[in-house]
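Colleague: I am new to this structure. Please take me through one part closely, then set it in the chain around it.

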Amino acid sequence: MSTPPHTSAAPISTESSTVTDRLVKANTQYAAGFTDPGMDARPVLHVAVVACMDARLDLHAALGLELGDCHTIRNAGGVVTDDVIRSLTISQRALGTRSVMLVHHTNCGLESLTEDFRHELEDEVGQRPAWAVEAFRDVDQDVRQSMQRVRTSPFLLHTEDVRGFVFDVTTGLLREIDPATAAE
Ligand SMILES: [Zn+2]
């Protein structure tokens, strides 16, 4: 591949600077090579992707997405919470998306947690969080539950094209989850 245009720039150092300093520095290099793509805020592919925040999941690379193609909504687990419904509602009603793709993954951190996490938090800080941990044991069932929450939301305009997948962090492959197969 071609040589990056910034080879003369000082290497990004983590010594005596925070990780955020490093990211800000990287941004100056990014901006130096950036040209305004002149894009509209409406995603080109009219799709919103809801995914886990997992660091091993590079959504754009894994799904062949380009800048401007989609909305990406991420949280711990890729769980469809009220706030995800909020984002999807804005995505569909204000910014024209029509399809929803859910991406959970193998080896998710939520598989090793339970709702005890909340109780332990309460013991430690004296206040119980209002949110559920949304821990799970069966990733397929968790995807089905997320699909169901999207499909049954009264706020969304488009619930016909809602599909759910599990991304394998060791192979990079997606496996589609059949919404009709209930786990026993
Ligand atoms: Zn995860």
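**A close look at His158**

Modeller: Leaving aside residues up to four places away in sequence, His158 touches Gln92 and Arg98. Keep in mind that this is a predicted model.

Start with the place. His158 sits in a loop. Helix H5 (139–151) comes on one side of that loop, and strand E4 (161–167) on the other. Is His158 buried or exposed? The answer lies in between: His158 counts as partly exposed, because 18 C-beta neighbours fall inside 10 Å. A buried residue would need 20 or more, and an exposed one would have 12 or fewer.

Now take a second histidine. His119 is 39 residues from His158 along the chain. In space, the C-alpha atoms of the two are separated by 37 Å. Residue 119 falls within helix H4, which covers residues 116–125. How many of the ten residues of H4 are buried? The number is zero, so this helix lies largely in the open. After H4 comes Gly126. The phi of Gly126 is positive, near 80°.

Two more residues are worth a stop on either side of H4. Asn107 is in the loop between strand E3 (99–105) and H4. Its phi is near 60°, a positive value in a residue other than glycine. Asn107 is exposed, because 12 other C-beta atoms lie within 10 Å. Glu134 belongs to the loop between H4 and H5. Glu134 is not a glycine either, yet its phi is positive, about 65°. Glu134 counts as partly exposed, because 18 C-beta neighbours are inside 10 Å.

Step back to the whole chain. What does the protein chain contain? There are five helices and five strands. From the N terminus on, the order is α-β-α-β-α-β-α-α-β-β. The C-alpha trace spans about 60 × 45 × 35 Å along its principal axes. Of the 184 residues, 24% count as buried. Contacts also reach along the sequence. Take those between residues at least 6 apart: 64% of them join residues at least 24 apart.

Back to the starting point, then. His158 lies in the loop between H5 and E4, and Gln92 and Arg98 are the residues it touches once those up to four places away in sequence are set aside.

Methods:
Residues are numbered from 1 along each chain as its sequence is written. This is a predicted model: local features need pLDDT of at least 70, side-chain atom pairs count only at pLDDT 80 or more; totals for chains, interfaces and linings use all residues. Helices (H or I, at least four residues) and strands (E, at least two) are DSSP runs, numbered from the N terminus. Two residues are in contact if their C-beta atoms, placed from the backbone, lie within 7 Å.
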